[in-house]
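This report concerns charged side chains and the salt bridges among them.

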Amino acid sequence: MKNSIKREQRKLVCSAERENFRLKGKKILLSMCVLVSAIAAQAQTRVIVNPAYDEQEGEVIEPMRVELSDTATIVHVNVHCNFSGWSGTNAWIEAAGKRYALKSGRRIPTYMGREVKGDTLIATINKAGEKGSLLIKGEEPFVEGKHYVNTSQTDSLILHFEPLPADATEFDFGDNLRRVSLIRSRTGEATADSHLLVMPDATPELFFDAIAAMFPGKVVFIDLWATWCGPCKWGIRKMGPVKEELKGKDVVFVYLTDESSPEANWRRSIGPMTGYHLRMSSSFWNKLPCFAETKGIPQYYLYDRTGKQILHQIGFSDGAELHFKAEIEKALQ
């Protein structure tokens, strides 16, 4: 009888020890899971693609991507050097009144929307038919204070700053950009007032005439541009008030680009641009007669109500919007 009681007691003790061991193991496993989750959460990087920001007139800096982690804030920006020189002397970001310094970075040059590998000599030709060349320097570490001179390239800068606090919702980029949002992003879709055109069945020589023929009885303003072209986007912004003043009149605005404008960037860009849009193949684009003398953009065409071309202009200079407005109003009469 005593032996039987002892055996039962030993069973209870063993069972209690096994349960205790099981609970300890469960706690250890749970602690390990929490630790792994914490490490994973800490290592995660929040990415904001094409962040919204308060644009300034004539802006040459465009944020394309922001990566947020506990070790750094990485800001990808395009610097449209062909529009205006930029030295980057104020390469810092500021949130809630506190500045976060630049730690490192690099510059990646692009030409006609394509990344340039190494030092590259680009053949050029001006309106007078004179041949020349443009030397584009390859990728290099970003140097604060370096002056980016006027060229026909766009520099992509990837800049690593000190990490922003976890609760930051926006930041300023030096003296160049205000209120870069870390919450909202642009929709990337055309608005109800922005329409996508179907490629007309026409040869490159008759292409612009075919575009104008899509809008019988209308004055047609055609803008050749690209998402990577600073002067193009500056011209589009300057024409904004003109479009508002002409709203409701018999004039349509058509924006043409090619595959050098990445489709995602193009769709995002045309969202706020009222008018008609077409993105064509680069092979067709390069055959357009307007590029026989120069590949430069922006270029502009204006057609009257009868489908006759009455204006062709290369480049957008100060006050060009007033000239275009006068020509459109004349054509409307």
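## Salt bridges and a buried aspartate

Arg-305 has a relative accessibility of 33% and therefore counts as partly exposed; buried means under 20% relative accessible area, exposed over 50%, and partly exposed in between (1.4 Å probe, protein chains only). The model is predicted, so local features need pLDDT of at least 70 and side-chain atom pairs count only at pLDDT 80 or more, while totals for chains, interfaces and linings use all residues. Residues are numbered from 1 along each chain as its sequence is written, and side-chain values use heavy atoms, with hydrogens and water left out.

The structure holds 10 salt bridges, each a side-chain nitrogen of Lys or Arg within 4 Å of a carboxyl oxygen of Asp or Glu. Three of them are listed below.

| Acidic residue | Basic residue | Closest N to O |
|---|---|---|
| Glu-67 | Arg-65 | 3.0 Å |
| Glu-94 | Arg-99 | 3.2 Å |
| Asp-250 | Arg-305 | 3.1 Å |

The pair Asp-250 and Arg-305 links distant parts of the chain, 55 residues apart. Asp-250 is partly exposed at 31% relative accessibility. Together with Lys-218, these two residues form a network of salt bridges. Glu-67, by contrast, is buried at 17%, and its partner Arg-65 is partly exposed at 31%.

Asp-304 is buried yet has no salt bridge; Lys-308, the nearest side chain of opposite charge, is 5.8 Å away. Lys and Arg count as positive and Asp and Glu as negative, with His and the chain ends not counted. Not counting residues up to four places away in sequence, Asp-304 touches Lys-218, Val-219, Ile-310 and Ala-331, contact meaning heavy atoms within 4.5 Å.

Key: Helices (H or I, at least four residues) and strands (E, at least two) are DSSP runs, numbered from the N terminus.
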